Amino acid sequence: MIVLKILAAPVMVALSLLAAMVTFLFCVASAVCELGCIVLTLLSLILFIGGQAVGGIVFLVLAFLVSPFGVPTIAEWLVDKLHSAKFALRDFITG
């Protein structure tokens with residue numbers, strides 16, 4: 001059992017570094033997505049006023065995907081799973 005713990009230690013370090021990088025990238029991407037959501041919503045309104053309903057609908061769908069309810073929610077779920085795996089491995093090593 002001690003051999004498995006020794007072998008798991010470098011994986012734990014790599015997983016900790018990966019989790020930190022992914023969390024930072026998630027924070028940056030979520031800020032960019034928030035700005036993108038505003039821009040896409042404004043573009044969809046311009047397209048609706050201009051009489052291009054299909055383009056307006058497409059931009060509204062894209063705005064929903066980059067809004068906090070779309071792709072960032074999935075990314076947040078994945079980041080949480082990565083942190084859960086890191087803590088489970090840490091508990092295995094220290095337990």
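Okay, so the largest nonpolar core here has six residues: Ala8, Met12, Leu15, Ala19, Leu82 and Leu89. By nonpolar core I mean buried Ala, Val, Leu, Ile, Met, Phe, Trp, Tyr and Cys residues joined through side-chain atoms within 4.5 Å, and buried means under 20% relative accessible area with a 1.4 Å probe, protein chains only. The elements giving two or more residues to this core are α1 and α3, and α1 gives the most, with four. Helices here are DSSP runs of H or I, at least four residues, numbered from the N terminus.

Quick caveat: this is a predicted model, where local features need pLDDT of at least 70 and side-chain atom pairs count only at pLDDT 80 or more, while totals for chains, interfaces and linings use all residues. Residues are numbered from 1 along each chain, and side-chain values use heavy atoms, without hydrogens or water.

Now α1 itself. It covers residues 2-49 and reaches 68 Å from first C-alpha to last, close to the 70 Å expected; that expectation is 1.5 Å times one less than the number of residues. Its buried residues pack against α2 (53-66) and α3. Just after α1, Gly51 has a positive phi of about 90°.

Over in α3 (residues 71-94) sits Lys86. What is the nearest side chain of opposite charge to Lys86? It's Asp80, 11 Å away, and Lys86 is buried with no salt bridge. A salt bridge needs a Lys or Arg side-chain nitrogen within 4 Å of an Asp or Glu carboxyl oxygen; Lys and Arg count as positive, Asp and Glu as negative, with His and chain ends not counted. Leaving out residues up to four places away in sequence, Lys86 touches Met12, Leu15, Ser16 and Ala19, where contact means heavy atoms within 4.5 Å.

Key. Buried means under 20% relative accessible area, exposed over 50%, partly exposed in between (1.4 Å probe, protein chains only).
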